[in-house]
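The following exercises concern the protein chain and ligand displayed below. Please attempt each task before reading its solution.

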Amino acid sequence: MGGIGRARIAHRGRLAISVRKKYWNLGIGTRMMEELIKFAKDIAKLEVIELEVRANNHSAIRLYEKFGFERIGVFKKFFKIDGKYFDALLMNLYL
Ligand SMILES: CC(C)(COP(=O)(O)OP(=O)(O)OC[C@H]1O[C@@H](n2cnc3c(N)ncnc32)[C@H](O)[C@@H]1OP(=O)(O)O)[C@@H](O)C(=O)NCCC(=O)NCCS
(Lines give C-alpha, C1' and ligand atoms only; values in the text may rest on other atoms or scores of the structure.)
Protein backbone atom coordinates (compact mmCIF):
# COMPACT_ATOMS: atom_id res chain seq x y z
CA MET A 1 0.00 0.00 0.00
CA GLY A 2 1.42 3.37 -0.90
CA GLY A 3 0.26 6.96 -1.40
CA ILE A 4 0.84 8.64 -4.72
CA GLY A 5 2.47 11.94 -3.69
CA ARG A 6 1.52 15.16 -5.47
CA ALA A 7 -1.23 17.14 -3.76
CA ARG A 8 -3.83 16.79 -6.49
CA ILE A 9 -3.59 12.99 -6.42
CA ALA A 10 -2.66 12.52 -2.75
CA HIS A 11 -6.20 11.29 -1.98
CA ARG A 12 -5.44 8.14 -3.99
CA GLY A 13 -3.40 5.12 -2.96
CA ARG A 14 -2.31 1.90 -4.60
CA LEU A 15 -2.51 -1.60 -3.25
CA ALA A 16 -1.28 -5.08 -4.11
CA ILE A 17 -1.29 -8.25 -2.03
CA SER A 18 0.23 -11.67 -2.31
CA VAL A 19 -0.15 -14.85 -0.24
CA ARG A 20 2.14 -17.89 -0.55
CA LYS A 21 0.40 -20.52 -2.64
CA LYS A 22 0.31 -23.20 0.06
CA TYR A 23 -1.75 -20.83 2.22
CA TRP A 24 -4.35 -19.85 -0.42
CA ASN A 25 -8.08 -20.11 0.30
CA LEU A 26 -7.69 -19.95 4.08
CA GLY A 27 -9.02 -16.42 4.39
CA ILE A 28 -5.61 -14.75 4.74
CA GLY A 29 -6.13 -12.52 1.70
CA THR A 30 -9.47 -11.44 3.12
CA ARG A 31 -7.91 -10.52 6.50
CA MET A 32 -5.09 -8.62 4.78
CA MET A 33 -7.59 -6.64 2.74
CA GLU A 34 -9.60 -5.80 5.86
CA GLU A 35 -6.50 -4.39 7.55
CA LEU A 36 -5.24 -2.53 4.47
CA ILE A 37 -8.60 -0.89 3.84
CA LYS A 38 -8.88 0.10 7.50
CA PHE A 39 -5.37 1.59 7.34
CA ALA A 40 -6.16 3.41 4.08
CA LYS A 41 -9.31 4.93 5.53
CA ASP A 42 -8.43 5.67 9.15
CA ILE A 43 -4.68 6.32 9.13
CA ALA A 44 -3.67 7.29 5.59
CA LYS A 45 -6.98 9.15 5.07
CA LEU A 46 -7.17 8.02 1.47
CA GLU A 47 -10.36 8.40 -0.56
CA VAL A 48 -9.64 6.06 -3.45
CA ILE A 49 -7.65 2.82 -3.56
CA GLU A 50 -6.64 1.67 -7.01
CA LEU A 51 -5.10 -1.55 -8.22
CA GLU A 52 -4.55 -3.58 -11.30
CA VAL A 53 -4.89 -7.32 -11.50
CA ARG A 54 -4.33 -9.80 -14.30
CA ALA A 55 -7.64 -10.07 -16.11
CA ASN A 56 -7.68 -13.87 -15.73
CA ASN A 57 -6.94 -13.86 -11.97
CA HIS A 58 -10.46 -14.81 -10.92
CA SER A 59 -9.77 -15.48 -7.25
CA ALA A 60 -8.12 -12.07 -6.79
CA ILE A 61 -10.90 -10.29 -8.69
CA ARG A 62 -13.48 -12.09 -6.56
CA LEU A 63 -11.64 -11.03 -3.41
CA TYR A 64 -11.46 -7.37 -4.48
CA GLU A 65 -15.12 -7.27 -5.52
CA LYS A 66 -16.06 -8.72 -2.14
CA PHE A 67 -14.63 -5.50 -0.65
CA GLY A 68 -16.48 -3.26 -3.08
CA PHE A 69 -13.79 -2.64 -5.69
CA GLU A 70 -15.32 -1.62 -9.03
CA ARG A 71 -14.10 -2.62 -12.48
CA ILE A 72 -12.82 0.53 -14.17
CA GLY A 73 -11.58 -0.91 -17.45
CA VAL A 74 -9.13 -3.21 -19.14
CA PHE A 75 -5.57 -2.11 -19.89
CA LYS A 76 -4.43 -4.27 -22.79
CA LYS A 77 -0.84 -5.58 -22.71
CA PHE A 78 -0.35 -4.20 -19.20
CA PHE A 79 2.07 -6.98 -18.18
CA LYS A 80 4.87 -8.47 -20.27
CA ILE A 81 6.13 -11.71 -18.75
CA ASP A 82 8.78 -13.70 -20.60
CA GLY A 83 7.81 -11.94 -23.81
CA LYS A 84 4.10 -12.71 -23.38
CA TYR A 85 1.50 -10.00 -22.85
CA PHE A 86 -1.33 -10.07 -20.32
CA ASP A 87 -4.22 -7.65 -19.93
CA ALA A 88 -4.93 -6.03 -16.58
CA LEU A 89 -8.27 -5.22 -15.06
CA LEU A 90 -8.11 -1.80 -13.37
CA MET A 91 -10.14 -1.65 -10.16
CA ASN A 92 -10.97 1.19 -7.75
CA LEU A 93 -12.45 1.29 -4.28
CA TYR A 94 -14.07 4.60 -3.30
CA LEU A 95 -13.74 4.81 0.47
C1 LIG B 1 -5.30 -13.43 -4.60
C2 LIG B 1 -4.75 -13.94 -3.28
C3 LIG B 1 -4.06 -12.79 -2.56
C4 LIG B 1 -5.93 -14.45 -2.43
O5 LIG B 1 -5.43 -14.82 -1.15
P6 LIG B 1 -6.18 -15.91 -0.24
O7 LIG B 1 -5.54 -15.89 1.09
O8 LIG B 1 -6.27 -17.19 -0.97
O9 LIG B 1 -7.64 -15.23 -0.15
P10 LIG B 1 -8.92 -15.73 0.65
O11 LIG B 1 -8.72 -17.14 1.12
O12 LIG B 1 -9.26 -14.72 1.67
O13 LIG B 1 -10.06 -15.64 -0.46
C14 LIG B 1 -9.92 -16.26 -1.70
C15 LIG B 1 -11.24 -16.12 -2.46
O16 LIG B 1 -11.06 -16.54 -3.81
C17 LIG B 1 -12.06 -17.51 -4.12
N18 LIG B 1 -11.51 -18.37 -5.16
C19 LIG B 1 -10.53 -19.28 -5.05
N20 LIG B 1 -10.29 -19.86 -6.25
C21 LIG B 1 -11.15 -19.26 -7.13
C22 LIG B 1 -11.37 -19.37 -8.53
N23 LIG B 1 -10.68 -20.24 -9.27
N24 LIG B 1 -12.29 -18.57 -9.11
C25 LIG B 1 -13.01 -17.68 -8.37
N26 LIG B 1 -12.82 -17.51 -7.04
C27 LIG B 1 -11.90 -18.31 -6.44
C28 LIG B 1 -12.35 -18.18 -2.83
O29 LIG B 1 -13.60 -18.81 -2.85
C30 LIG B 1 -12.33 -16.98 -1.88
O31 LIG B 1 -13.50 -16.25 -2.00
P32 LIG B 1 -14.62 -16.24 -0.80
O33 LIG B 1 -13.96 -15.68 0.41
O34 LIG B 1 -15.69 -15.36 -1.32
O35 LIG B 1 -15.02 -17.67 -0.65
C36 LIG B 1 -3.78 -15.12 -3.49
O37 LIG B 1 -4.39 -16.08 -4.30
C38 LIG B 1 -2.45 -14.70 -4.12
O39 LIG B 1 -1.52 -14.27 -3.44
N40 LIG B 1 -2.31 -14.85 -5.44
C41 LIG B 1 -1.06 -14.54 -6.14
C42 LIG B 1 -0.77 -13.07 -6.13
C43 LIG B 1 -1.90 -12.31 -6.69
O44 LIG B 1 -2.56 -12.74 -7.63
N45 LIG B 1 -2.14 -11.14 -6.10
C46 LIG B 1 -3.17 -10.25 -6.56
C47 LIG B 1 -2.69 -9.51 -7.75
S48 LIG B 1 -2.90 -7.77 -7.55
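**Exercise 1. Overall fold**

How many helices and how many strands are there in the protein chain?

Solution. The model is a predicted one, in which local features need pLDDT of at least 70, side-chain atom pairs count only at pLDDT 80 or more, and totals for chains, interfaces and linings use all residues. Residues are numbered from 1 along each chain as its sequence is written. Begin with the DSSP runs, numbered from the N terminus: helices are H or I runs of at least four residues, and strands are E runs of at least two. The protein chain holds 2 helices and 5 strands. Next, place them in sequence order, which yields the pattern β-β-α-β-α-β-β.

**Exercise 2. Dimensions**

Compare the radius of gyration of the protein chain with the value for a compact globule.

Solution. Take the radius over C-alpha atoms, and for the globule use 2.2 Å times the number of residues to the power 0.38. For 95 residues this rule gives a value near 12 Å; the protein chain has 14 Å, which agrees. The C-alpha trace spans about 35 × 30 × 20 Å along its principal axes.

**Exercise 3. The span of H1**

Check the length of helix H1 (28-43) against its number of residues.

Solution. The expected span is 1.5 Å times one less than the number of residues. The 16 residues of H1 should therefore cover 22 Å, and the end C-alpha atoms are indeed 22 Å apart.

**Exercise 4. The nonpolar core**

Which residues make up the largest nonpolar core?

Solution. First apply the burial criterion: a residue is buried if 20 or more other C-beta atoms, placed from the backbone, lie within 10 Å of its own, exposed if 12 or fewer, and partly exposed in between. Buried residues account for 14% of the 95 residues. Then join buried Ala, Val, Leu, Ile, Met, Phe, Trp, Tyr and Cys residues through C-beta atoms within 7 Å. The largest core so obtained has 11 residues: Leu15, Ala40, Leu46, Ile49, Leu51, Val53, Tyr64, Phe69, Leu89, Met91 and Leu93. Strands S3 and S5 (84-94) are the elements that give two or more residues to this core.

**Exercise 5. The ligand shell**

Which residues come nearest to the ligand?

Solution. A residue counts as near if its C-beta atom, placed from the backbone, lies within 6 Å of the ligand. Of the 20 residues around the ligand, Trp24, Gly29, Thr30, His58 and Ser59 come nearest. Two or more shell residues come from each of H1, strand S3 (48-54) and helix H2 (58-66); H2 gives the most, with 6 residues. Finally, sort the shell by type, with Ala, Val, Leu, Ile, Met, Phe, Trp, Tyr, Cys and Pro as nonpolar, Asp, Glu, Lys and Arg as charged, and the others, Gly among them, as polar. The result is 10 nonpolar, 8 polar and 2 charged residues.

**Exercise 6. Two loops**

What is the sign of phi at Lys45 and at Asp82?

Solution. Most residues other than glycine have a negative phi. Lys45, in the loop between H1 and S3, has a positive phi near 55°. Lys45 is exposed, with 12 other C-beta atoms within 10 Å. Asp82, in the loop between strand S4 (70-81) and S5, also has a positive phi, near 50°. Its 4 C-beta neighbours inside 10 Å make Asp82 exposed.
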